[in-house]
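User: Hi! I would like to learn how to read a ligand site. Could you walk me through one?

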Amino acid sequence: MTVMEETNRNLASDLYINGAWKKGASGERFEVVNPATEELIASVASAENSDADAALDAAEIAMRDWAARTPRARSEVLRRAWKLITKRQEEFAQLITLENGKACVDALGEVTYAAEFFRWFAEEAVRADGLITHAPNSGARILVQHKPAGLAVLVTPWNYPAAMGTRKIAPALAAGCGVIIKPASETPLTMLALMPLLEEAGVPRGLVNVLPTKHSGALVDHMLHDPRVRVVSFTGSTNVGRKLLHSAADQVLKPAMELGGNAPLIVFSDANLDTAVKGTMLAKMRNLGEACTAANRIYVHESISDAFTTRLAAAMSQLKVGDGTDPLVDVGPLVNADTRNKVAAFVDDAVAKGGRLECGGVMPEGKGFFYPPTVISNVPETAACVNDEIFGPVAAIQTFRDEEDVINRANNTEYGLVAYVFSEDMKSALQVCEKLDYGMVGLNRGIVSDPAAPFGGTKQSGLGREGGHEGMLEFMETQYISASW
Ligand code: NAD
């Protein structure tokens with residue numbers, strides 16, 4: 001049965017607890033809407049606290065056996081999951097487009113990225129290396145090993161309904177942990193549809209549970225106060241991240257926080273313009289700008305700003321906007337009316353304060369939460385979009401003259417997720433990268449996300465890293481044994 005058939009038959013719209021579909025104790029449901037048509041796609045079960053208790057009971061039991069399995073045995077299950085998702089990537093992409101709206105090309109990119117976390121962490125599962133060494137003074141041996149941290153609560157956003165989940169599930173399973181995942185209420189269907197596939201891959205019953213809900217705050221808070229939970233891994237806004245950190249403090253949970261961004265993208269005078277425009281298109285328009293990594297402030301050296309702006313506006317104007325299921329469409333709708341209205345307000349504000357509209361900027365009429373690719377030049381420092389995530393297809397351009405000035409402006413934010421630099425002078429470009437207070441920097445590239453690399457931010461963009469070797473360690477505790485023999 002395909003993912004779409006399962007969804008249509010309503011099989012994948014209930015809670016997934018202990019390997020079974022459940023209606024939920026309250027019987028409450030909430031609606032998921034197609035952002036391109038505003039039509040109802042599914043009515044999804046809403047979890048309440050007693051459902052969370054059942055999921056935690058199941059995960060606790062399943063984890064005992066899973067954590068005791070050899071790393072190789074865990075690794076092979078993860079590798080099968082990678083293969084199965086890859087085999088069914090078109091179906092998952094269709095489902096992502098249906099509930100999130102993104103164009104099918106973006107959805108397919110997401111599925112590949114999402115699946116890759118299973119392959120990468122299948123490889124990492126067997127590399128939880130420890131250490132043995134001599135204590136310098138006491139003569140003892142120092143033995144260091146990593147053990148599964150315990151049950152993990154995973155909370156994910158709507159912008160990548162598959163990848164933001166697999167980026168947490170795969171390392172948690174590699175480490176030996178059981179999980180409860182609470183997907184975003186806008187896009188719960190993809191994560192639910194993934195569950196039969198994980199079963200097929202050999203993930204034991206109860207180890208992974210999915211709890212969509214319309215009571216996110218209460219449900220997550222309840223789980224974070226259960227003594228069996230040891231990890232909270234969250235991707236979403238900084239505001240909600242702060243709340244979860246407060247809740248996590250009560251039981252001193254291990255937090256992994258992937259929060260908001262306000263990425264600067266700097267184009268120096270010696271940049272290759274083709275590379276810079278192509279990179280900016282990727283950094284801005286991947287996932288139609290609904291990405292924490294999206295270039296939010298574009299700083300272009302004044303000597304090349306006219307040429308750069310003209311070329312960027314031309315490239316943005318060529319993008320086809322429409323229902324993401326159409327393979328010719330580049331830019332689907334935004335996820336909901338609020339997100340679209342926020343993007344429109346950013347544009348209106350920037351233009352009212354002196355920004356110049358180079359293309360786009362007019363909200364279309366009719367059904368669907370569409371907004372056209374937009375370029376604004378001459379954006380003033382006081383514009384709201386300079387300080388806040390735009391989270392939409394709007395490129396906001398400013399100019400600079402002096403390197404130190406642009407670095408200071410780039411760093412002048414509470415966020416520190418990712419920055420982009422375009423320059424052909426590698427020595428000075430790398431010096432600039434080091435001065436940028438960001439967890440990640442794209443150098444002559446518009447994409448940094450890679451399952452093999454540690455993804456994460458500094459300052460209020462978060463705590464911890466996902467992917468790379470670090471990703472699995474977020475779900476492990478380090479134990480040190482001081483030994484004499
Ligand atoms: P959000 O913070 O509103 O929601 C994220 C998740 O938290 C959803 O599942 C939501 O239902 C849940 N949630 C909301 N309130 C909650 C509460 N009080 N307690 C517990 N859970 C709660 O974010 P969003 O609008 O879904 O996503 C957009 C944000 O996510 C942006 O700020 C973006 O930068 C950020 N993001 C960050 C990364 C990263 O890796 N750093 C990746 C993707 C998105």
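User: How many residues surround the ligand, and which are the closest?

Analyst: A good start is to list the residues with a heavy atom within 4 Å of the molecule. In this predicted model, 29 residues surround the ligand, and T156, R167, S237, L259 and E389 are the closest.

User: Which classes make up the shell around the ligand?

Analyst: Sorting the residues by class comes next. Here the shell has 15 nonpolar, 9 polar and 5 charged residues.

User: What polar atoms lie by the oxygen atoms of the ligand?

Analyst: For polar contacts, look for N or O pairs within 3.5 Å. A polar backbone atom of T156 is 2.6 Å from a ligand oxygen. R167 places a polar side-chain atom 2.7 Å from an oxygen atom of the ligand, and for K182 a side-chain N or O atom is 3.0 Å from a ligand oxygen. As for area, the ligand taken alone exposes 840 Å², and the protein buries 86% of that.

User: Where does the shell around the ligand come from, by element and by domain?

Analyst: Map the shell onto the fold. Helices α6 (163-175), α8 (216-224) and α9 (238-250) each supply at least two shell residues, as does strand β10 (229-235). Domain 1 (3-259 + 462-483) and domain 2 (263-450) each give at least three residues to the shell.

User: And which pocket is the space taken by the ligand?

Analyst: That space is the largest pocket.

How values were computed. Residues numbered from 1 in each chain as written. Predicted model: local features only at pLDDT ≥ 70, side-chain atom pairs only at ≥ 80, totals over all residues. Heavy atoms only, no water. Polar contact = N/O pair within 3.5 Å; in protein donor to acceptor, adjacent residues only side chain to side chain. Areas by Shrake-Rupley, 256 points an atom, 1.4 Å probe, with all protein chains shown as cover. 1 Å grid on protein atoms, 1.4 Å probe; cavity = no way out; pocket = protein on both sides within 12 Å on 5 of 7 lines; lining within 4 Å. Sits in = over half its atoms within 2 Å of the grid points. Helix = DSSP H or I, 4+ residues; strand = E, 2+ residues; numbered from the N terminus. Nonpolar A, V, L, I, M, F, W, Y, C, P; charged D, E, K, R; others polar. Domains from an automatic or database assignment.
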